[in-house]
Amino acid sequence: MSFLNKLEKLMSDKGIENLSRLSRETGIPYTTIDGFYKKGTENIKLSTLKKLANYFDCSLDFLVDDNITEDTDNEIHTIAAHHDGEDWTEEELEDIENFKKYVLSKRNKK
């Protein structure tokens, strides 16, 4: 999926109906965003990509790699914890869930 296809999908998912609104909400000049369509996307500045990734809460890899069709960087696939007992208490399971949320919140601030 191309950068522009991803941008349009992300905009649609977030309810952004036009490039003007995207410009206002991201702080990226309208002419820059409009230029993606008129001039191409080969030389997008890293600072612009970071603003888009932050705004849409997705990874830079997702935005720029045409082979990546879904952003999975914010998913935790495995979490390991040592426990000497056989069963987890509800409190321990809740602590693990809270830790996962904490890790994701820190990852999203990068």
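Is Gly 27 buried, exposed or partly exposed? I will start with that residue, and the answer is that Gly 27 is partly exposed, because its relative accessible area comes to 47%. Before going further I should say that what we are looking at is a predicted model, and that residues are numbered from 1 along the chain as its sequence is written.

Let me place Gly 27 within the chain as a whole. The secondary structure comes to six helices and zero strands, and if you read along the sequence, the pattern that the chain follows is α-α-α-α-α-α. Gly 27 sits in the loop between α2 and α3. Along the sequence, Gly 27 and Leu 52 are 25 residues apart, while in space their C-alpha atoms are 9.5 Å apart.

That partner, Leu 52, takes us to the interior. The largest nonpolar core has 19 residues, and the members that touch the most other members are Phe 3, Leu 7, Leu 22, Leu 52, Phe 56 and Leu 63. At least two residues of this core are supplied by each of α1 (3–14), α2 (19–26), α3 (30–39), α4 (46–56) and α5 (60–64). The largest share comes from α4, which gives five residues. As background, nonpolar side chains in soluble globular proteins tend to be buried together. For the chain in total, which has 110 residues, 25% count as buried.

Now let me turn to the charged side chains. How many salt bridges does the count come to? The count comes to five, and I will go through some of them, beginning with Arg 21. This arginine forms a salt bridge with Glu 17, where the closest N and O atoms are 3.0 Å apart, and Arg 21 also meets the side chain of Glu 25 in a salt bridge, at 2.7 Å from N to O. Arg 21 and Glu 25 both belong to helix α2, where they lie four residues apart, which is about one turn of the helix. On the acidic side, Glu 17 counts as exposed, because its relative accessibility is 55%, whereas Glu 25 is partly exposed, with a relative accessible area of 38%.

Another salt bridge is found in helix α6, and here the side chains that meet are those of Lys 100 and Glu 97, at 3.1 Å from N to O. Why are these two residues separated by about one helical turn? The reason is that Lys 100 and Glu 97 are three residues apart in helix α6, so about one turn of the helix separates them. Both are partly exposed, Lys 100 with a relative accessible area of 23% and Glu 97 with a relative accessibility of 37%. Returning to the earlier group, Glu 17, Arg 21 and Glu 25 are joined into one network by salt bridges that share partners.

Helix α6 also brings us to the surface charge. Which residues gather in a patch of negative charge on the surface? They are Glu 90, Glu 91, Glu 94 and Asp 95. One of them, Glu 91, is found in helix α6, which covers residues 90–108, and Glu 91 counts as exposed because its relative accessible area, 59%, is over the 50% cut-off.

I would like to finish with three more acidic residues. The first I will mention is Glu 8, which has its place in helix α1 and is partly exposed, with a relative accessible area of 39%. Glu 8 and Leu 19 are 11 residues apart along the chain, and their C-alpha atoms are separated by 9.7 Å.

Next is Asp 57, in the loop between α4 and α5. Most residues other than glycine have a negative phi. The phi of Asp 57, however, is near 55°, a positive value in a residue other than glycine. Asp 57 is partly exposed, with a relative accessible area of 39%.

Last comes Glu 70, whose place is in the loop between α5 and α6. Is Glu 70 buried or exposed? Glu 70 is exposed, since its relative accessible area is 58%. Its C-alpha atom lies 9.4 Å from that of Cys 58, and the two residues are 12 apart in sequence.

Notes
Predicted model: local features only at pLDDT ≥ 70, side-chain atom pairs only at ≥ 80, totals over all residues. Heavy atoms only, no water. Patch = residues over 30% accessible without salt bridge, like charges linked within 9 Å, V, L, I, M, F, W, Y side chains within 5 Å. Areas by Shrake-Rupley, 256 points an atom, 1.4 Å probe, with all protein chains shown as cover. Salt bridge = Lys/Arg side-chain N within 4 Å of Asp/Glu carboxyl O. Lys, Arg positive; Asp, Glu negative; His and termini not counted. Charge placed at Lys NZ, Arg CZ, Asp CG, Glu CD. Buried < 20%, exposed > 50% of the residue type's maximum accessible area, 1.4 Å probe, protein only. Core = buried A, V, L, I, M, F, W, Y, C linked by side-chain atoms within 4.5 Å.
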